[in-house]
Amino acid sequence: MGDIDPAFIQSTEHRANNHKKLVEVVEIPVIDMLQSREELISKIGRACEEWGFFQVTNHGVSSEVSSRAEAAAKMFFEQSTEEKRKVKRDEVNAMGYHDGEHTKNVRDWKEVFDYLVQNSAQVPLIESHEKELRTITNQWPQSPPDFREALEEYAREVEKLAYKLLELISLSLGLAGDKFHGCFKDQLSMVRLNHYPPCPFPDLALGVGRHKDSGVLTVLAQDDVGGLQVKRKSDGEWIPVTPTPGAFIINVGDMVQVWSNDKYESVEHRVVVNTERERFSIPFFFFPSHKIMVKPVEELVNEKNPPRYREYNWGHFYAHRNRTDFKKRDLENIQIYHFRILD
């Protein structure tokens with residue numbers, strides 16, 4: 001089988017086969033969006049508190065829209081490396097194709113294509129202490145045909161679902177349903193196409209290493225292969241997420257954890273790979289404007305529950321994360337715990 005590039009090798013404690021304990025059959029909650037509003041608020045609130053993850057069915061995104069996006073993704077990744085690299089992303093423009101993604105300084109066994117929900121967006125320059133901005137813009141390949149059309153339509157439909165879910169999460173926290181909607185003017189939301197090829201060393205590498213999502217929400221479509229695992233809050237065991245046909249997998253990100261003052265937690269997850277089948281997934285990352293300052297919301301803090309985080313700027317956080325995802329760095333990636341107020 002040959003040797004594996006050391007850049008892909010996970011440290012022993014983080015490899016997929018490290019924990020041999022058999023976990024009983026358990027699933028993250030599956031929530032039918034056709035239930036009453038009251039039931040949805042209650043069930044989503046409980047899922048956010050207990051798991052940080054849940055699946056939704058009957059969500060309003062048509063299967064035709066999803067199928068077109070999935071077919072476009074597959075056709076794109078089937079092309080030659082030379083063709084895909086015509087839209088290769090770099091540290092200046094983070095949109096486009098990339099096959100060298102790092103998570104926690106270990107290379108992921110995958111290739112990706114990223115695009116913004118809005119065709120361009122502004123983000124801060126990391127090197128500047130002033131309010132200088134740079135523009136990032138989508139790079140669209142010439143092939144396959146209708147690629148851009150299919151993916152822009154998909155982004156618009158999933159964005160509507162993301163707003164719906166954020167409203168229900170806000171209500172579950174006792175806040176106004178539209179509490180956070182204003183944060184998404186000039187948003188940085190993006191969609192990623194993931195392709196995980198078969199891996200001859202699934203005991204050494206991961207499709208994506210353990211991580212938490214930095215934004216507000218992630219809305220994930222996955223195929224029938226499986227591979228996503230969620231770290232259960234109660235005991236730290238890795239729980240496989242069984243694919244549910246037509247469902248989206250939802251997880252709350254770091255920003256919801258900060259806004260809720262730790263009531264809802266952004267949970268670690270990872271993707272394992274296999275030797276036989278390629279896997280495709282499409283996460284939608286719901287990101288606000290670069291201008292947004294993130295801190296626990298006033299309605300959820302008081303003398304008994306004081307703020308647990310200092311305020312931070314989302315644009316600078318995003319810019320730092322993008323740079324460290326691009327290649328291996330000597331310094332640790334920025335995390336929300338860097339803003340935690342110590343007791």
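**Close-up views of aromatic pairs and sheets**

**View A. Aromatic pairs in the predicted model.** The structure holds 23 aromatic pairs, and the model shown here is a predicted one. One of these pairs joins phenylalanine 184 and phenylalanine 286, whose rings are stacked, at 4.0 Å centre to centre and with 15° between the planes. The pair links distant parts of the chain, as its two members are 102 residues apart. Phenylalanine 184 belongs to the loop between helix 4 (147–172) and strand 9 (190–196), whereas phenylalanine 286 lies in strand 16 (residues 279–286). Phenylalanine 184 has a relative accessibility of 3% and therefore counts as buried, the cut-off being under 20%. Phenylalanine 286 is likewise buried, with a relative accessible area of 0%.

**View B. A cluster of aromatic rings.** Ring pairs connect Phe76, Phe77, Tyr97, Phe113, Tyr115, Trp140, Phe147 and Phe280 into a cluster. Two of the strands described in these legends contribute to this cluster: Tyr97 falls within strand 3 (96–98), and Phe280 falls within strand 16 (residues 279–286).

**View C. The open sheet of 8 strands.** The strands of this sheet follow the order 1-2-14-11-16-9-6-3, and their pairing is mixed. Strand 1 (30–32) and strand 3 (96–98) occupy the edges; each has a single partner strand, so one side of each is left without a neighbour in the sheet. On average, neighbouring strands are turned by 25° against each other, direction ignored.

**View D. Strands 2 and 14 with helix 1.** Within the sheet of 8 strands, strand 2 (residues 53–57) pairs with strand 14 (residues 248–252) in the antiparallel sense, over 4 bridges. Glutamine 55 stands opposite isoleucine 249, a residue of strand 14. Helix 1 (residues 37–50) packs on the sheet and touches strand 1, strand 2 and strand 14. The direction of helix 1 makes about 165° with that of strand 1.

**View E. The open sheet of 4 strands.** In this sheet the order is 10-15-12-13, and the pairing is antiparallel. The edges are taken by strand 10 (208–211) and strand 13 (238–240); because each has a single partner strand, one side of each remains without a neighbour in the sheet. From one strand to the next, the twist averages 20°.

**View F. Strands 12 and 15.** Strand 12 (residues 228–231) and strand 15 (residues 269–271) are paired in the antiparallel sense over 3 bridges. Glutamine 229 has arginine 270 of strand 15 as its bridge partner.

How values were computed
Residues are numbered from 1 along each chain as its sequence is written. This is a predicted model: local features need pLDDT of at least 70, side-chain atom pairs count only at pLDDT 80 or more; totals for chains, interfaces and linings use all residues. Side-chain values use heavy atoms; hydrogens and water are left out. Two strands pair if DSSP finds at least two bridges between them. Axes are lines fitted to C-alpha atoms, for helices over the stretch in contact, and angles run from 0 to 180 degrees between N-to-C directions. Rings of Phe, Tyr and Trp (its six-membered ring) pair if their centres lie within 6.5 Å; planes under 30 degrees apart count as stacked, over 60 as edge-to-face and the rest as tilted. Buried means under 20% relative accessible area, exposed over 50%, partly exposed in between (1.4 Å probe, protein chains only). Contact means heavy atoms within 4.5 Å.
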